[in-house]
Amino acid sequence: MSGAALGLEIVFVFFLALFLLHRYGDFKKQHRLVIIATLLAWYLCFLIVFILPLDVSTTIYNRCKLAVNSSPAESNGSFVTLAPSKQKCFKPWSYIPDGIMPIFWRVVYWTSQFLTWILLPFMQSYARSGGFSITGKIKTALIENAIYYGTYLLIFGAFLIYVAVNPNFNLQWNQLQTIGIAAANTWGLFLLVLLLGYGLVEIPRSHWNGAKRGYLLMKTYFKAAKLMTEKADAEENLEDIMEEVRKVSESIKYNHPLRKCVDTILKKCPTEYQERMGRNMDDYEDFDERQNSYPSEKSLAKLHKQVIYSVQRHRRTQVQWQILLEQAFYLEDVAKNESSATRQFVHTFHSQEPENKIIQYFYTPTVEWYWECLLRPWFYRVLAVVLATFSVIVVWSECTFFSTKPVLSLFAVFIQLAEKTYNYIYIEMACFLTIFFLSICVYSTVFRIRVFNYYYLASHHQTDAYSLLFSGMLFCRLTPPLCLNFLGLTHMDATISHKNTQPTAYTSIMGSMRVLSFIADGFYIYYPMLVVILCIATYFSLGTRCLNLLGFQQFMGDSEMTSDLIDEGKELIRREKRKRQRQEEGENRRREWKERYGNRDDSTRSRAVHTDQKESSFSETNANRPLSKYTRSNGRTERDRIELLQDAEPLDFNADSVNDDPLESDSGR
């Protein structure tokens, strides 16, 4: 099994990152380089989280092996007989051979740093550029990142000059490398504590509120009202941009040098707008005949950028609106079925997507009723209590992990107890659950936050390229300090434990933070305590209240604005529900009409064909008779009447269009 666990986790994490990226990104429409870069960033960050427990167990075994080899005998200080307490050391099932982990961590870490500081920022500017050629997009990306890269080069150059001039500093290359790593980890730890303080409170609270049906339904109404406003704004913005595109398309004709740029813009427009603009084009008008002011290539690039953004935003709001409608209808169905005496879940609308037969066989209406109306609320409550317990342990350990005598960090206590018995399965499970919970708290916050319309991770393939790349940057910057914080909580970092023991392979790659003592003994120790203040602020929703005061509507139960938006969303959902009910009733009537009169129409059609053949043969044999033309004309009249009956469509009854005034109906007749 040596190295097999490492290989299995590498494959598993790859498919996990691919699955998440497929949920948020769009493989068909987005550029391949964007997909590959984001996938690589997510994959490396998830890989660090999953592989680090194996590094911990291997390090504990190496410490045990080192202690056994250097253990003195029980008599006369000789090394002939080993101590009995040291003979319990055995190799773990997931042991990774020496020399593999340092190379692995070095490749993973420096690749992620190259992505987050150099490649992904450049690709962000490239993806948002409105240029019409690869050269133009690269030029725009370099100009936009000149200040970004120049700032880092200026700081690094000033630091090198200071070190070279000051005789008290004699830094080598390894120390400079450690200083760079410490600077990157300091920036990441600053952001890590902010996101962690929010996730430690919000994740248990969201699961606890998930057991409240009324709460979820009210919040869905609130989201519907806000999303409708955003949807209307996106439609209006798209109309304005399409009007500008139409004017540009009419002014720049086919023989203009910039017509290729206009055609590129038109390809990014929705199909209905392309058809509308294509009908109004005059192919034979020469652009030199009129002295008009034509837009420049720079203005067309700006318009191209606006078209890409507006079309993507419009499509995202449309998809999110349909998803929110399905969620609201389902929550209303749950509220109705809670008082059902038959204990069978009844849906108001049938699912538009075909269901899996296996799931449909096991997940029957009775099973669905017991799960949705009885078991699911209790499951969410129990899960919320478990998550809240983990959050309390994390907060306590973050505030006490610097204490080594006595050991107050609960995670360190768990690991040290397992280390005494060399229970590697328990060690790996404890490490995995700890770092996995920390990662969920941090990464889920990254998926939830929204910076206006510039950064927003939307599911169902609705995330734009800029947001995907930005999430990859955040993951690569947050994961290394997250792992160092985990090693500090478990006292596997020698900087925290103050023990002269063999460090983990991951810590050895990070280097000794003793080069910067004010960071190792100050910032890394005391800054994580700030998580207590952030948890308290999140618990009392201070950030939500501040945003609400600034005019950004947030869901708050005691706010009058929230109540108004809930009522507005409820009316919107009711209107959409009536609309869908009328559509389904019309489809059902058409289906019933076809089922009732379909066979009769087929038999009538067959009889008509048989009669037509008899009449045609009769007219051929009696071609000289004067009544033959009447026979043929009657046959055509009969066929026309039958075809009219066959083409008749059932009327779609609409109660809103019926006039109840009998006088007007009589005058109409």
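A residue is termed buried when its relative accessible area is under 20%, exposed when the value is over 50%, and partly exposed in between. The model examined here is a predicted one. By the buried criterion, glutamate 230, at 14% relative accessibility, counts as buried because 14% falls under 20%.

Glutamate 230 belongs to helix H7, and its side chain meets that of arginine 316 in a salt bridge with an N to O distance of 3.4 Å. Arginine 316 is part of helix H10 (residues 297-337), whereas glutamate 230 is part of helix H7 (residues 213-251), so the pair ties together parts that are 86 residues apart in sequence. Arginine 316, at 4% relative accessibility, likewise counts as buried. A further approach involving glutamate 230 is that to threonine 317: the two are 87 residues apart in sequence, yet their C-alpha atoms are 7.3 Å apart in space.

Helix H7 also contains a salt bridge within its own length. The side chains of glutamate 235 and lysine 231 meet at 3.3 Å, N to O. These two residues are 4 positions apart in helix H7, which corresponds to a separation of about one helical turn. An α-helix has 3.6 residues a turn, so residues three or four places apart point the same way. The two partners differ in their exposure class: glutamate 235 is partly exposed at 30% relative accessibility, while lysine 231 is buried at 12%.

Another salt bridge is formed by arginine 580 and glutamate 326, whose closest N and O atoms are 2.7 Å apart. This pair links distant parts of the chain, with arginine 580 in helix H21 (residues 560-621) and glutamate 326 in helix H10, 254 residues apart. Arginine 580 is buried, its relative accessible area being 12%, whereas glutamate 326 is partly exposed at 37%. In addition, Glu230, Arg316 and Arg450 are joined into one network by salt bridges that share partners. Over the whole structure, the search finds 12 salt bridges.

Two of the helices were compared with their expected spans. Helix H2 (residues 32-69) has 38 residues and, at 1.5 Å a residue, should span 56 Å; the distance of 53 Å between its end C-alpha atoms agrees with this. Helix H2 nevertheless bends by about 35 degrees at isoleucine 51, and proline 53 follows within four residues. Helix H2 is mostly covered, as 30 of its 38 residues are buried. For helix H3 (residues 100-128), the 29 residues should span 42 Å, and the end C-alpha atoms, 40 Å apart, agree with that value. A bend of about 45 degrees occurs in helix H3 at leucine 115.

Helix H12 (residues 365-400) contains leucine 383, which is partly exposed with a relative accessible area of 28%. The C-alpha atoms of leucine 383 and histidine 207 are separated by 7.1 Å, although the two residues are 176 apart along the chain. In the loop between helix H12 and helix H13 (410-421) lies proline 406, which is joined to lysine 405 by a cis peptide bond with omega of about 0 degrees.

Backbone geometry was also examined at two histidines. Histidine 461, in the loop between strand E2 and helix H15 (465-489), has a phi near 65 degrees, a positive value in a residue other than glycine. Histidine 491, in the loop between helix H15 and helix H16 (494-497), has a phi near 60 degrees, again a positive value in a residue other than glycine. Histidine 461 is partly exposed at 33% relative accessibility, whereas histidine 491 is buried at 7%.

On the surface, Val451, Phe452, Tyr454, Leu547, Leu550 and Phe552 make a nonpolar patch of about 630 Å². Phenylalanine 452, one of these residues, is situated in the loop between strand E1 (450-451) and strand E2 (455-456). With a relative accessibility of 54%, phenylalanine 452 counts as exposed.

With regard to cysteines, the structure holds 0 disulfides. Cysteine 269 is buried, with a relative accessible area of 5%, and cysteine 373 is buried as well, with a value of 15%.

Technical notes:
Residues numbered from 1 in each chain as written. Predicted model: local features only at pLDDT ≥ 70, side-chain atom pairs only at ≥ 80, totals over all residues. Heavy atoms only, no water. Patch = residues over 30% accessible without salt bridge, like charges linked within 9 Å, V, L, I, M, F, W, Y side chains within 5 Å. Areas by Shrake-Rupley, 256 points an atom, 1.4 Å probe, with all protein chains shown as cover. Salt bridge = Lys/Arg side-chain N within 4 Å of Asp/Glu carboxyl O. Buried < 20%, exposed > 50% of the residue type's maximum accessible area, 1.4 Å probe, protein only. Expected span 1.5 Å × (residues − 1). Bend = angle between axes of the 7 residues up to and from the residue. Disulfide = S-S within 2.5 Å.
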